[in-house]
Amino acid sequence: MSTTTITVTINGEVFEETVPVRMLLVDFIRERAALTGTHIGCTYEGVCGACTVQIDGEAVKSCLMVAAQADGHEITTVEGLAQGGELSPLQRAFNEQHALQCGYCTPGILMNMDEFLRENPDPTDEEIRHGLVGNLCRCTGYAHIVDAVRQAAKETR
């Protein structure tokens, strides 16, 4: 099996690992970095968004990338959103607005909406709903998620 050595920074920690060239980034994050907040929901098809992380600040579906593509880049997972033991405004809003039920999709939605709010700090509900298109949630019906994103936007403006 062909391997390659990669160096990535995940949530501020540097990882230098030799990996199979076909190892998916989501598997690297979960297995090598032991960060299990990044979920696998659609069995590597890229449709559910549960595996969303940020690479250099841009939300990407980690089940659609091989780990070698992340070589030399900065990755942020849901574990990296909280700073100094404090939840981010977005995480806090999800809690306060009851924007999660089973929580399986939540890490991917948080990572997507974190980038979304940096790019659009004063979104309309329609813009929030459009921004959520790549994330599937089977529990909440999205109303509380939209409320939480709106609350976080207001708090961070």
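Here is a walk through this structure, from its two domains down to single residues. Keep in mind that what you are looking at is a predicted model.

Let's start with the big picture. The protein chain splits into two parts: domain 1 covers residues 3–80, and domain 2 covers residues 89–156. If you take the centre of each domain over its C-alpha atoms, the two centres sit 22 Å apart.

So how do these two domains meet? On one side, 18 residues of domain 1 take part, and they touch 14 residues of domain 2. Together the two domains bury about 1,200 Å² between them, and 53% of that area is on carbon and sulfur atoms. Three residues stand out on the domain 1 side: H39, Q54 and V78 supply 38% of the area that domain 1 buries against domain 2, more than any other three residues.

What kind of contacts cross this interface? Between domain 1 and domain 2 there are ten residue pairs in polar contact. Salt bridges are another story, as the count across the interface is zero. Now look at the side of domain 1 that touches domain 2. The elements giving two or more residues to it are strands β3 (52–55) and β4 (58–61). Sorted by type, the residues on that side come out as seven nonpolar, nine polar and two charged.

One residue from β3 is worth a closer look. T52 belongs to that strand, and T52 counts as buried because its relative accessible area is 6%, under the 20% cut-off. A polar atom of the T52 side chain lies 2.7 Å from the backbone oxygen of G49. Beyond its neighbours within four places in sequence, T52 is in contact with A59, V60 and K61, and also with P107, G108, M111, N112 and N135. Try finding these partners in the 3D view, starting from T52.

Next, let's turn to charges. Side chains of opposite charge can pair when their charged atoms come close. In this structure there are six salt bridges, and we can visit some of them.

Begin with E17 and R32, whose closest N and O atoms are 3.3 Å apart. E17 sits in strand β2 (residues 13–20) and R32 in helix α1 (residues 25–32), so this pair ties together parts that are 15 residues apart in sequence. Are these two residues hidden away or out in the open? E17 is partly exposed, at 23% relative accessible area, and R32 is partly exposed too, at 31%.

Another salt bridge joins the side chains of R157 and D122, with 3.0 Å from N to O. R157 is in the segment after α5 (143–156), while D122 is in the loop between α3 (106–119) and α4 (125–131), so here the linked parts are 35 residues apart in sequence. R157 counts as exposed because its relative accessibility is 52%, over the 50% cut-off.

The pair of R150 and D147 links up within one element. Their side chains meet at 2.9 Å, N to O, and both residues lie in helix α5, three residues apart, which is about one turn of the helix. R150 is partly exposed at 36% relative accessible area, and D147 is partly exposed at 24%. There is a further twist: salt bridges that share partners join D125, D147 and R150 into one network.

Finally, let's go back towards the start of the chain and compare two threonines. T4 is located in strand β1 (residues 3–10), and T9 is found in strand β1 as well. Which is buried and which is partly exposed? T4 is partly exposed, with a relative accessible area of 27%, whereas T9 counts as buried, at 17%.

Each of these threonines has its own set of partners, again leaving aside neighbours within four places in sequence. T4 is in contact with E17, T18, V19, V21 and A68. You have met E17 already, as the salt-bridge partner of R32. T9, for its part, is in contact with V14, H73, E74 and I75. For a sense of scale, pick out T4 and G46: they are 42 residues apart along the chain, and their C-alpha atoms are separated by 24 Å.

Methods
Residues numbered from 1 in each chain as written. Predicted model: local features only at pLDDT ≥ 70, side-chain atom pairs only at ≥ 80, totals over all residues. Heavy atoms only, no water. Helix = DSSP H or I, 4+ residues; strand = E, 2+ residues; numbered from the N terminus. Buried < 20%, exposed > 50% of the residue type's maximum accessible area, 1.4 Å probe, protein only. Contact = heavy atoms within 4.5 Å. Domains from an automatic or database assignment. Buried area = accessible area lost by both parts, 1.4 Å probe. Salt bridge = Lys/Arg side-chain N within 4 Å of Asp/Glu carboxyl O. Polar contact = N/O pair within 3.5 Å; in protein donor to acceptor, adjacent residues only side chain to side chain. Nonpolar A, V, L, I, M, F, W, Y, C, P; charged D, E, K, R; others polar.
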